Structure formats: structure tokens, C-alpha cells
Amino acid sequence: MSQHGEVGKTRYLVLHDYGMGGLWWWVRAGSAEEIVSACAEVEVIADKDAVRRAETWGLDEVRLEDPDPNPPSGLRAQRDAQRGQRGFGVLAGRDRVCLRWTEGDEGEAFPMELGPDGRRLRQVETGADGGSVKTGIEDWPFNPPFDLHDPQYASMEISPGDFEEAWQRARHESEI
């Protein structure tokens, strides 16, 4: 967040983190929640040191109500398309979310625990052979957030107990 400008609007530092990098903007809006509600796959940066650093970057500044096209236009359109879908927003606002992500034809599964910002806290990689490896924040060079408003993740939700069971069965890579 940063300084006030228009009446009732605050300038917020917004990031679309795609893992290997990110897109940054200043967005004027009534609240941080208004931005996250309007744009998919973004986070509002509240860390004061990060905001101070960003003030020197010459970032684009937009208002949520600016006409298209503008920097976050695609993310607004993505969020608009999600709104009417079953499961939209059901995971947002929770302290912890557990998901089971599956990948490939060989049945690899990734039970994971996400924090309230959508970033992975812990993850288990279960291979087709049934072996599983557990990893944590310190193991990942990139940890982009999952958009917890995105309805696709609602069907992937598992219970915290199911995640803990997978976590307890798994070994750290150094133990294998």
C-alpha cells in the first residue's frame, strides 16, 4: 500500500507473480480486497520495505475502473470469467488450504498445504511407484501463489487430515 490520491482511493503495489518473475503495477482502488476481487492471480504487497523499493522503479499506475486495455486487463477478464463458476472464492480467506494436484498419465500426485496467501507451505510428491518425497518452503527456489479465488482449485481440496497422513508417510529427499 502507499499514499492516498483520489478521494476514497489508495495506491497499492500489486504483483502478478508467475514463478520465474512477476509483473508489478500501482493500482488505485478503494481497498486491497477490491483489487484481488477484480483481478485474478494478483496479490497486494503490504511490506513497507518492498513498497519503498518499488517507488523507485517507475511502474505503470492504473485505476481499477480504467478502460481496457491497461496492464491488468487480462487478469480482470480472467476473474470476470471465473465469477459464475461453481467453487469461485470458496478457498479464499482461510488460514490453511490443502489440495491434491495430479499431473501426467502416470498418476503423479502432489498433496500440498497452502497458506492464506496461496503460497505452498509443505508439499508431498507421490510418484507412480507409490514412493513419496516431502518438501517445504526452503526447498523451492520459486513459490508463486495459487489464486485461492480460482474455482478450479475447489475440486482439488482435501482435508487437513488427508494431507497430514501423506506428509507423515513421505520422506525428505535426504532420507531416501
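This is a short chat about the sheets, cores and largest pocket of a predicted model.

Biologist: What should I know about the model before we start?

Modeller: It is predicted, so local features need pLDDT of at least 70 and side-chain atom pairs count only at pLDDT 80 or more, while totals for chains, interfaces and linings use all residues. Residues are numbered from 1 along each chain as its sequence is written, and side-chain values use heavy atoms, with hydrogens and water left out.

Biologist: OK, the 4-strand sheet. What order do the strands take?

Modeller: The order is 3-1-2-4, in an open sheet with mixed pairing. Strands are DSSP runs of E, at least two residues; helices are runs of H or I, at least four; both are numbered from the N terminus. Two strands pair if DSSP finds at least two bridges between them.

Biologist: Which strands stand at the edges?

Modeller: Strand 3 and strand 4 (61–63). Each has a single partner strand, so one side of each lacks a neighbour in the sheet.

Biologist: How do strand 1 and strand 2 run, parallel or antiparallel?

Modeller: Antiparallel, joined by 8 bridges. Val14 stands opposite Trp25 in strand 2.

Biologist: Which residues make up the largest nonpolar core?

Modeller: There are 12, including Val14, Trp25, Ile35 and Leu75. Such a core is a set of buried Ala, Val, Leu, Ile, Met, Phe, Trp, Tyr and Cys residues joined through side-chain atoms within 4.5 Å. Buried means under 20% relative accessible area, with a 1.4 Å probe and protein chains only.

Biologist: Which element gives the largest share of this core?

Modeller: Strand 2, with 3 residues.

Biologist: And helix 3, which of its residues are buried?

Modeller: Ser73, Leu75, Arg79 and Gln82. They pack against strand 1, strand 2 and helix 1. Contact here means heavy atoms within 4.5 Å.

Biologist: Switching topic. What is the volume of the largest pocket?

Modeller: About 730 Å³. A pocket is an open set of points on a 1 Å grid over the protein atoms alone, where a 1.4 Å probe fits, with protein on both sides within 12 Å along at least five of seven lines. Points are joined across faces, edges and corners, and the volume is the space filled by probe spheres set on them.

Biologist: Which lining residues are closest to its centre?

Modeller: Asp117, Gly118, Pro145, Phe146 and Asp147, out of 30 that line the pocket. Lining residues have an atom within 4 Å of a point.

Biologist: Which element supplies the largest share of the lining?

Modeller: Helix 1, with 3 residues.

Conventions. Buried means under 20% relative accessible area, exposed over 50%, partly exposed in between (1.4 Å probe, protein chains only).
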